[in-house]
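User: Please take a close look at one buried position in a loop of this structure, and then set it beside the other parts that can be described. A connected account would be preferred.

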Amino acid sequence: MTLLSGSLVFYAMGALTFLPLLILSVVGNFLLGRRFAVLPVGNGKQGRQKRLKVAKMNKKLLGAAVVGNIGVLALFKVGFGEAGLPLGISFYTFQVLSYHFDVYRGEQKKETSFVRFATYICMFPQLVSGPIVAYGEVRKELHKREFTAQGLQQGLKVFTVGLAAKVLLADRIGILWHEVQVTGFESISTPLAWLAAVAYSLKIYFDFYGYSLMAVGLGRMFGFELPDNFRDPYMAGSLRDFYRRWHVTLGRWFCKYVYIPLGGSQRGMLRTVCNLLAVWLLTSVWHGTTGNFLIWGMLIFLLIVLERQFESWGFARLFRRGILKAVPHLYLWLAVPVTWMCFAITDLSQLYVYLGRMFGVVEGIYVSAGDWTRALEAYWYLFGIGILACMPFLKKLFYRWKDSLVGTLLLAVLFWFCVWRLQIQGQNPFMYSNF
């Protein structure tokens with residue numbers, strides 16, 4: 001009850017106006033979930049009739065859950081988007097839907113305690129920006145968990161790394177992207193356009209990854225093991241692999257509840273392409289309803305389809321030996337910044353200008369000679385640290401040294417340095433709190 005109360009206070013501090021909506025969603029979904037019934041066991045005609053009756057009722061309840069929750073989300077995405085999107089609505093909507101799907105399938109038992117159900121939905125570490133936690137991942141802890149000094153210590157260490165990723169990397173390298181926006185896309189050189197696109201790519205990664213690490217750390221402090229949401233995505237060798245590693249819990253949600261039920265990749269290439277199209281259309285709308293998100297999603301869809309086609313032709317084998325191993329990674333680091341620009345720039349006319357400047361097909365206006373060299377001189381160390389931090393060896397060093405005396409002292413210094421930076425630079429909200 002304490003965790004639930006604190007989570008509601010936390011939400012109210014960020015979005016008091018939408019607190020009644022969150023509470024209404026929790027109450028409504030709890031009551032709806034309580035009505036799911038276990039299929040009766042029995043032979044004969046009467047037993048089959050009872051199972052059919054219960055199955056039909058459960059199917060109607062699932063339909064009501066999907067229509068109700070998606071309807072509310074769509075209402076705010078499309079109808080009331082200008083008035084502001086309720087904080088975390090995309091995340092807690094998908095989380096509660098995963099609960100209904102799993103209960104309907106018989107993979108999880110329905111929760112009979114309102115406090116435990118509400119805590120699962122409202123738990124403050126992951127309420128605002130995920131990760132999207134499956135009920136089965138925290139069911140045991142919701143019923144009985146241990147709050148230990150060791151868990152508090154380990155959670156604080158993970159939290160500190162996430163805080164550093166946000167404050168020292170995302171916020172700092174994001175300044176270059178802000179400067180380019182202030183300058184105007186028409187007035188930047190092609191090299192600067194690419195530098196800023198890479199800067200945004202690092203900013204969104206360390207912002208969201210930092211939040212996810214903080215959520216995992218806070219969860220561990222309270223006795224929960226929340227799932228990892230990122231698995232070194234910039235080390236992927238294809239866009240397909242990238243989105244298996246990026247925002248893992250969202251990708252898992254779409255795979256389990258959309259892609260696989262539609263047939264996945266088991267019914268031929270044409271059906272696979274159609275299923276991928278459905279997934280990326282829904283992913284686009286989940287992030288936003290403006291045209292740039294549709295362009296972002298469809299560009300990724302097309303590139304993934306092309307990658308699958310090249311794999312089917314056997315081209316992937318060419319890049320598994322020697323220096324050619326670097327080619328897929330270079331392709332990824334060229335493709336991803338382009339897709340992120342489609343994600344970041346909501347004005348389609350400005351998106352056209354920016355992409356045109358990246359590829360030199362839109363003429364610049366009053367472009368300052370050498371603007372990219374000045375940007376590189378100012379931010380080279382952040383690019384260097386950011387690229388190194390994308391690699392898995394830093395994570396390995398963290399887990400190797402985090403419990404040593406030297407590692408603990410370094411993390412303590414890092415934590416208070418981040419606090420000091422926050423006092424200097426002020427609050428910079430998480431990017432994914434807008435989705």
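Analyst: In this predicted model, Ser238 counts as buried because its relative accessibility is 13%, and buried means under 20%. The residue is placed in the loop that joins H9 to helix H10 (239-245). When neighbours within four places in sequence are left aside, the contacts of Ser238 are with Glu307, Tyr331 and Leu332.

Helix H9, which precedes that loop, also takes part in the lining of the largest pocket, to which H9 gives the most, with 7 residues. The volume of this pocket is about 910 Å³. Its lining comprises 34 residues, of which Val161, Leu394, Lys395, Phe398 and Leu414 are the closest to the centre. Two or more lining residues come from each of helix H8 (149-183), helix H9 (190-221), helix H16 (371-389), helix H17 (392-401) and helix H18 (405-425). By residue class, the lining divides into 25 nonpolar, 4 polar and 5 charged residues.

Buried positions can also be described at the start of the chain. Helix H1 covers residues 2-15 and has 14 residues. From its first C-alpha to its last, H1 reaches 20 Å, close to the 20 Å expected at 1.5 Å a residue. Within H1, the residues Leu3, Leu4, Ser7, Tyr11, Ala12 and Ala15 are buried. An α-helix has 3.6 residues a turn, so residues three or four places apart point the same way. The buried residues of H1 pack against four helices: helix H2 (19-34), helix H4 (89-105), helix H5 (114-122) and helix H6 (124-127).

Note on methods
Residues numbered from 1 in each chain as written. Predicted model: local features only at pLDDT ≥ 70, side-chain atom pairs only at ≥ 80, totals over all residues. Heavy atoms only, no water. 1 Å grid on protein atoms, 1.4 Å probe; cavity = no way out; pocket = protein on both sides within 12 Å on 5 of 7 lines; lining within 4 Å. Points joined across faces, edges and corners; volume = space filled by probe spheres on them. Nonpolar A, V, L, I, M, F, W, Y, C, P; charged D, E, K, R; others polar. Expected span 1.5 Å × (residues − 1). Buried < 20%, exposed > 50% of the residue type's maximum accessible area, 1.4 Å probe, protein only. Contact = heavy atoms within 4.5 Å.
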